[in-house]
Amino acid sequence: CIRDSLNPALWQSGVVLGKSQAAIGLMAEADLSYELVLRSDPHNPVALLGRANLALNQFGDPGAASNLVEPLFANEDYRMDAELTQLMANLYERDANTNATTMSARAKVFARRHLQLRNDAGIISTATRKSTTQRPRVGLLSNAFCVSPVYFLTISGWNHVAKACDLVIFNRGHTRDWATDAFKNISSEWHEVQHMPGIQLAKVIADSAIDVLYDLGGWMDPVGLQALSLNPAPQQFKWVGGQSLTTGLDCFKGWIGDEMQSPKKLQSLYSEPLICVPGAYASYTPPSYLPKVAAVKSKTPCIFSNPAKISTEFLQYLKSIPGKKVFIHKQFRFMRVQERIRSALGMECEFICPASHEDALKALNAHAVMIDTFPYTSGLTAYEASALGLEIKVTRVGSLFSERHTARYA
């Protein structure tokens, strides 16, 4: 066994193995590789972050992710990663002392400390900002130009914009699929900028003479936010993509929402000026494989969600509802995820682990009711459930952006 032949003193080997396993989808194996590193070096920062990332983004356990990074707060080289992990984890799992106001304040402090870069050397020059063409140049920055909410909730808008503007896309992601091709087909320029640090990325954007830039990465891409903190485009706006709560930065001319999603009365929670789009802040473009609404649907309620959204509080609420519940998501395939839910609900739950997005929509279509999660509510999945004729049962609407995705269904 390769793992058995590794020298425990060479912890880098275990970390490389863990990263490689995660990259090819062997998440449980990757977690074990990181755990073995930590057995000989309990405070190894890379292994702790590796396990925390898996706990939050694969195994749906924000509490575990938060606990794993706690030792890293004393390590200046990794404190940013630890703070970011806990900030994101607390969006899903809250304690009694954490509310929208404290979360927003934490985001603003984090941004000042870690995201706001300095342009002391004058690397970003305003002289490069003027467009040399007659058509406006609109920049898009994201790590999710793929089958994701960024595609389903924005592509119709960009198809319209591309008729009169040159779309300049800065791709920070690695996934390539049919949605990536859709973005490429409407772009005038496509820049692969995945591995650039913030200052270099800001310079590339500035040198591209962008007139208006839309960030579609947000908290999914803190390096992208660092680049935008230098104002490489004269006008910058935050829209779909990692849009869970304010970026805490003052480099944006506006935050694109609507009166249900981010009403003006909640402006104090944002560093960005709120822009309320009439009707809805985004429009849903269904995939070609969206099934026709089923004529006969099960009365058993479903939860169609990333398991990270299955908070302790939400599980307590589900326990108060008699009868079986069906959980739909590919990440429910992990036994530790099922065990966490069954420990709260007993055996009155069923798990469906679709192999593809198309299979997930087919499974969703079999149900008449979807129960909305909290405090982090259903996002794209609410659009999909609505398109398939499901009733969305909303029991709580909060104040943060991530807490209001289903406010219009309440």
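**Figure 1. Packing around helix α14 in the predicted model.** The buried residues of α14 pack against four strands and one helix: β8 (302–304), β9 (325–328), β10 (349–352), β11 (369–371) and α15 (380–387). Helix α14 itself spans residues 357–365. Its buried positions are Ala 360, Leu 361, Ala 363, Leu 364 and Asn 365.

**Figure 2. The two faces of strand β9.** In a regular strand, side chains alternate between the two faces of the sheet. In β9, Lys 325 and Phe 327 lie on one side, and Val 326 and Ile 328 on the other. These four residues are all buried, so both faces of the strand are covered. Strand β9 is also among the elements that the buried residues of α14 pack against.

**Figure 3. Pairing of strands β8 and β9.** The two strands run parallel and are joined by three bridges. Cys 302 stands opposite Val 326 of β9. Val 326 is buried, on the side of β9 that also carries Ile 328.

**Figure 4. The whole protein, for orientation.** The chain forms 15 helices and 12 strands. For 410 residues, a compact globule would have a radius of gyration near 22 Å, and the value for this protein, 22 Å, agrees. Along the principal axes, the C-alpha atoms fill a box of roughly 65 × 60 × 40 Å. Of the 410 residues, 54% count as buried. Among contacts with a separation of 6 or more, 64% are between residues 24 or more positions apart. The accessible surface is about 17900 Å², and carbon and sulfur atoms account for 53% of this surface. The mean positions of the 41 positive and 37 negative charges are 4 Å apart.

Note on methods: Residues numbered from 1 in each chain as written. Predicted model: local features only at pLDDT ≥ 70, side-chain atom pairs only at ≥ 80, totals over all residues. Heavy atoms only, no water. Rg over C-alpha atoms; globule rule 2.2 N^0.38 Å. Buried < 20%, exposed > 50% of the residue type's maximum accessible area, 1.4 Å probe, protein only. Contact = heavy atoms within 4.5 Å. Areas by Shrake-Rupley, 256 points an atom, 1.4 Å probe, with all protein chains shown as cover. Lys, Arg positive; Asp, Glu negative; His and termini not counted. Charge placed at Lys NZ, Arg CZ, Asp CG, Glu CD. Pairing = 2+ DSSP bridges.
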